[in-house]
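Welcome! Here are two short exercises to work through with the model on your screen.

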Amino acid sequence: MRPRLYLIDGSGYIFRAYYAIRPLSTRSGVPTNAVVGFARMLGKLIREEHPNLLGIAFDTPVKTFRHALFPAYKANRDVPPEDLVPQFALVHELVEAMDIPVLKVEGYEAD
């Protein structure tokens, strides 16, 4: 069997997870629905596909080359929901704890 490489758009996974699962939070009120959904999607991929190599790409806050080509790129996109913002760091901690390589390149998006 040939080796399998999976590169995941981590930023896309976070948003999919956030909108797919009803609001959840810890006892202290920290929102966690995106973290739980991300972990479930990642776990399913690992269980079902058995990747030999796995990496997760995340967006950076820096504007991309697409903004230079088209200044109105994503101009109509809303900012992330307030309860999603603290979950980005939690997802990054999860990925780090799972020892999965992270790819981030300024000027490029995860997808």
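This is a predicted model, in which local features need pLDDT of at least 70, side-chain atom pairs count only at pLDDT 80 or more, and totals for chains, interfaces and linings use all residues. Residues are numbered from 1 along each chain as its sequence is written, and side-chain values use heavy atoms, with hydrogens and water left out.

**Exercise 1.** Classify the ring pair of Y13 and F38.

Step 1. The structure holds three aromatic pairs. Rings of Phe, Tyr and Trp (its six-membered ring) pair if their centres lie within 6.5 Å; planes under 30 degrees apart are stacked, over 60 edge-to-face, and the rest tilted.

Step 2. With centres 5.7 Å apart and planes at 75 degrees, Y13 and F38 are an edge-to-face pair.

Step 3. Y13 belongs to helix α1 (residues 10-20) and F38 to helix α2 (residues 33-49), so the pair ties together parts 25 residues apart in sequence. Helices here are DSSP runs (H or I, at least four residues), and strands are too (E, at least two), numbered from the N terminus.

Step 4. Buried means under 20% relative accessible area, exposed over 50%, and partly exposed in between (1.4 Å probe, protein chains only). Y13 is buried at 14%, and F38 is buried at 0%.

**Exercise 2.** Find the salt bridge and say which parts it ties together.

Step 1. Look for a side-chain nitrogen of Lys or Arg within 4 Å of a carboxyl oxygen of Asp or Glu. The whole structure has one salt bridge.

Step 2. E49 and R4 form it, at 2.8 Å from N to O.

Step 3. E49 sits in helix α2 and R4 in the segment before β1 (5-9), so parts 45 residues apart in sequence are tied together.

Step 4. E49 is partly exposed at 27%, and R4 is partly exposed at 29%.
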